[in-house]
Amino acid sequence: MPDGTQNRQTNTLEPFWMPFTANRQFKAAPRMLVSAKDMHYTDDQGRQILDGTAGMWCSNAGHGRARITEAIKTSAETLDFAPTFQWGHPTAFDLSSRLTSLFSGDLDYVFFGNSGSEAVDTALKIALGYHQARGDGRRTRLIGRERGYHGVGIGGTSVGGISNNRKQFGTLLPAVDHLPHTHNLAEMAFSHGQPAWGAHLADDLERIIALHDASTIAAVIVEPVAGSTGVLVPPKGYLEKLRSICDTHGILLIFDEVITGFGRLGDPFAADYFGVVPDMMTLAKGLTNATVPMSAIAARAPIYDAFMQGPPNMIELFHGYTYSAHPLACAAGLATLDVFAEDDLFARGKALSPKWEAALHGLKGPPNVIDIRNLGMMGAVEVSARDGAPTAQAFDIYLKCYEKGLLVRQTGDIIALSPPLIVTEEQIDEMISILGEAILETD
Ligand SMILES: Cc1ncc(COP(=O)(O)O)c(C=O)c1O
């Protein structure tokens, strides 16, 4: 069994500038995960930690899946790297075909990156290039949403709407506007699944269009269910309205499915769950079960076609990454799809969702619990902010959960949950019981 304690003795923690982390606090009291298998992490004290968040919304098939590990190993031994600029390798094409056969509508093309952030910035660039290719190059404005998270590239940060993620970085991209977020506790607290209230919030897109004129707007990007901001479930009819307004005005609709893709809602993608086909989808995380970094952009056929002009010897899209469709990632992606099929994980997520919903809503009661929300195998518990110390209460709950052997995710005053889809009903009960205790102890 690997034991991180030696590392802690011999290595200083200082040089690693940790991402999205309170570095000084962490380094004073580190939480080290040293191995993972199925539903559990093991920490450097040898404790088993039940994974309530699929790592970071990403290890959807659970940890240490032998089939995926073997595929990565075989790929590393046979083809450690191959360029995909003017070259190809078979697994890149295999994975593209397998993925597009899963996508709905005419989402027939796939472009690869390495992270959700790259997928988002790629999709935004494709949207801009698409309009230009059609001779409609005035369409350069991008519309995101308040409280949206679209990664940390300059495009994703600009269309993102979490203020802490933006305010350190100046003005960002200029031609960007934001829809209002859909979070309103007075109207939707403790909704089971999609809130009944709030579809009208999509009409704000008409206001933004009236302000800037549709002829200047390239794309709207939203997470179908906003994840990182604390699981904001779209009101009934909201996404359908966005689709219809975008259609009316020739604006591309991008679903950022970095979290919702690969079974999180009990369907392959949120687009399937909601029956709304976007013009592009951004995917990452669950694509390789998070074993090798990889992301993908699914694009509808007319978008690809718009670029396929001019002399056939000319590059059509001046964009790509050295590691686009890296052989190890492609092998991991194919093996992940095999595991999903073997374990019937989409169906499993769907079948477990009612149990998940009931268990989660069982946490209602303590006065500091001000909302519980869920959709598919996502969930969140929002607690009241302590006077003068926003986020402190949820952080204490998160720490208590960790002490008690449960990994949860904290964002603001919200605890978010998204267990691997292999979770059992007993493990759901265990998660909810630990979280319930932690909430009561921090009341
Ligand atoms: C919806 C969404 N988009 C983009 C990203 C960015 O992905 P990455 O951290 O892989 O760059 C995330 C990450 O959590 C996400 O949730």
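Let's start at the ligand: Lys285 places a polar side-chain atom 3.0 Å from one of the ligand's oxygen atoms. On its own the ligand would expose 390 Å², and the protein buries 85% of that. Keep in mind as you look around that this is a predicted model.

Lys285 has company. Here are three polar contacts to the ligand, side by side.

| Residue | Part of the residue | Ligand atom | Distance |
|---|---|---|---|
| Lys285 | polar side-chain atom | oxygen | 3.0 Å |
| Asp256 | polar side-chain atom | nitrogen | 2.7 Å |
| Gly116 | polar backbone atom | oxygen | 2.8 Å |

Who else sits around the ligand? The residues there are Ser115, Gly116, Ser117, Tyr149, His150, Gly151, Glu223, Ser228, Asp256, Val258, Ile259 and Lys285. Sort that shell by character and you get three nonpolar, six polar and three charged residues.

Now for the sheets. A quick bit of background: strands in a sheet pair through backbone hydrogen bonds, and they can do so parallel or antiparallel.

One sheet is open and built from seven strands, in the order 4-10-9-8-7-5-6, with mixed pairing. At its edges you'll find strand 4 (109–113) and strand 6 (176–179), each with a pairing partner on one side only. On average, neighbouring strands here are turned by 20° against each other, if you ignore direction.

Zoom in on strand 7 (residues 217–222) and strand 8 (residues 252–256): these two run parallel and share four bridges. For example, Val220 has Leu253 in strand 8 as its bridge partner. Helix 10 (residues 204–212) packs on this sheet and touches strand 5, strand 6 and strand 7, with its direction at about 155° to that of strand 6.

Then there's helix 6 (residues 116–133), which lies across strand 4, strand 5 (141–145), strand 7, strand 8, strand 9 (280–283) and strand 10 (295–299). Helix 6 runs at about 30° to strand 10.

Further along the chain comes another open sheet, with four strands in the order 11-12-15-14 and antiparallel pairing. Which strands form its edges? They are strand 11 (369–375) and strand 14 (409–411), and each pairs on one side only. Neighbouring strands in this sheet are turned by 20° against each other on average, again ignoring direction.

In the middle of that order, strand 12 (residues 378–383) and strand 15 (residues 414–417) run antiparallel and are joined by four bridges. Here Val381 has Ile415 in strand 15 as its bridge partner.

Helices pack on this sheet too. Helix 15 (residues 345–361) touches strand 11, strand 12 and strand 15, and its direction makes about 180° with that of strand 11. Helix 16 (residues 392–403) touches strand 12, strand 14 and strand 15, and its direction makes about 40° with that of strand 15.

Methods:
Residues are numbered from 1 along each chain as its sequence is written. This is a predicted model: local features need pLDDT of at least 70, side-chain atom pairs count only at pLDDT 80 or more; totals for chains, interfaces and linings use all residues. Side-chain values use heavy atoms; hydrogens and water are left out. Two strands pair if DSSP finds at least two bridges between them. Axes are lines fitted to C-alpha atoms, for helices over the stretch in contact, and angles run from 0 to 180 degrees between N-to-C directions. Contact means heavy atoms within 4.5 Å. A residue is near a molecule or strand if one of its heavy atoms lies within 4 Å of it. A polar contact is a pair of N or O atoms within 3.5 Å; within protein, one must be able to donate a hydrogen and the other to accept it, and residues adjacent in sequence count only if both atoms are side-chain atoms. Accessible areas come from the Shrake-Rupley method with a 1.4 Å probe; for residues, only the protein chains shown count as cover. Ala, Val, Leu, Ile, Met, Phe, Trp, Tyr, Cys and Pro count as nonpolar, Asp, Glu, Lys and Arg as charged, and the others, Gly among them, as polar.
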